[in-house]
Amino acid sequence: RGFVSKQWNYTKSDPAQGRREQLYRVQLRHNQLTGTRYLVLNGQVVPGSRGVTSASAEEVLVYDSIDGHRMQCQISYNLRWRYRCTVATNGIVEELPEAMTVSGDPVRNLIAALDLPVDARVETSRSIGVGKSAVIEYQVLTTTTYKRVIETWHRFSGFQKLHQRVRSAYTGSHLVSSFPDMPSGLVSPLTDQKDVKFIEARQRALNTYLDRLLHMAKAPSNPDLMLFLGMDPVSGAERPQETHTREEDGGRSTLAFEDSTSASWGSRSESHLGAQSSEGAGDVGGGVATGTGVSPPLQRSGVGGDAPQTDRVAL
């Protein structure tokens with residue numbers, strides 16, 4: 001409740017790739033009740049962006065030298081919360097439209113060749129661990145535009161996190177009324193959650209949920225959904241297993257979406273995306289990142305004469 005995810009997408013020419021257009025994906029996650037917020041760039045949580053923005057102050061998060069341009073996100077409150085994002089290149093400032101206000105798919109309009117999920121099915125399940133500590137994971141097989149099949153495994157709690165994050169992107173949009181309901185997690189204490197019939201029923205419910213979610217307008221290119229399905233939100237490529245890290249509740253991981261459980265990842269196809277990069281979201285801690293691997297400063301500035309704070313971050 002109160003959780004909002006604002007998203008913006010834009011492209012810039014990348015001289016390192018023959019001036020081919022490079023896609024950038026920005027997400028501002030904000031809890032309107034507690035004020036906590038943080039930024040995600042190209043599927044990675046940006047270190048130093050976590051903080052609290054109260055309704056009594058305006059706050060601006062500024063990122064300099066991102067492949068030669070400057071990105072700025074602003075949070076303000078005047079009877080209601082307002083969000084905006086701008087990009088400046090050579091002194092020319094461009095205000096970005098929110099993804100939910102763009103006609104059609106907000107990413108497909110920018111990068112027509114981006115590989116996106118077109119089908120996702122919960123095929124089977126497995127038990128991890130023994131005895132009372134055992135947990136159930138569900139296999140998700142995702143088929144993409146380019147006919148690749150990617151396999152991921154998630155606990156039920158991972159689906160719940162997916163639901164919260166993707167739905168939060170629709171806050172304020174008329175489309176939210178069509179958003180599918182997540183299968184209930186309320187279970188009678190007398191129910192054996194490891195019973196075959198219970199697992200099969202939950203598997204069917206999750207399969208129906210994913211199918212409806214992928215048919216939502218603008219959902220296939222949602223960064224959190226792509227990350228959940230094992231896809232890089234910038235290139236559409238499969239994320240290599242070695243780049244995956246865990247994210248416990250509270251989102252302290254490098255990657256913007258991950259279960260707090262182990263997950264195995266693998267492609268069922270040997271095909272690759274031609275000219276598109278096969279590199280997934282990088283390991284920020286190790287200095288590897290999408291794009292050109294720059295390390296821009298993060299500035300947080302507020303009203304009332306507060307001096308901007310600067311942290312060195314690796315995006």
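Is the crossing of helix 1 and helix 2 left-handed or right-handed? In this predicted model, local features need pLDDT of at least 70 and side-chain atom pairs count only at pLDDT 80 or more, whereas totals for chains, interfaces and linings use all residues. Residues are numbered from 1 along each chain as its sequence is written, and side-chain values use heavy atoms, with hydrogens and water left out.

Two packed helices are described by the angle between their axes and the distance between the axes. The axes of helix 1 and helix 2 (lines fitted to C-alpha atoms over the stretch in contact, with angles from 0 to 180 degrees between N-to-C directions) come within 12 Å and cross at roughly 25°. Helix 1 is therefore roughly parallel to helix 2, a term for angles under 35 degrees. The crossing is left-handed, meaning that the near helix is turned anticlockwise from the far one by less than a right angle.

In this contact (heavy atoms within 4.5 Å), Phe-156, Phe-159, Leu-162, His-163 and Val-166 of helix 1 meet Arg-202, Leu-206, Tyr-209, Leu-210 and Leu-213 of helix 2.

The largest nonpolar core, a set of buried Ala, Val, Leu, Ile, Met, Phe, Trp, Tyr and Cys residues joined through side-chain atoms within 4.5 Å, where buried means under 20% relative accessible area with a 1.4 Å probe and protein chains only, has 26 residues, of which Phe-159, Leu-162, Tyr-170, Leu-210 and Leu-213 touch the most other members. Helix 2 gives the largest share of this core, 6 residues (helices are DSSP runs of H or I, at least four residues, numbered from the N terminus).

Conventions:
Buried < 20%, exposed > 50% of the residue type's maximum accessible area, 1.4 Å probe, protein only. Helix = DSSP H or I, 4+ residues; strand = E, 2+ residues; numbered from the N terminus. Parallel < 35°, antiparallel > 145°, perpendicular 65-115°, else oblique.
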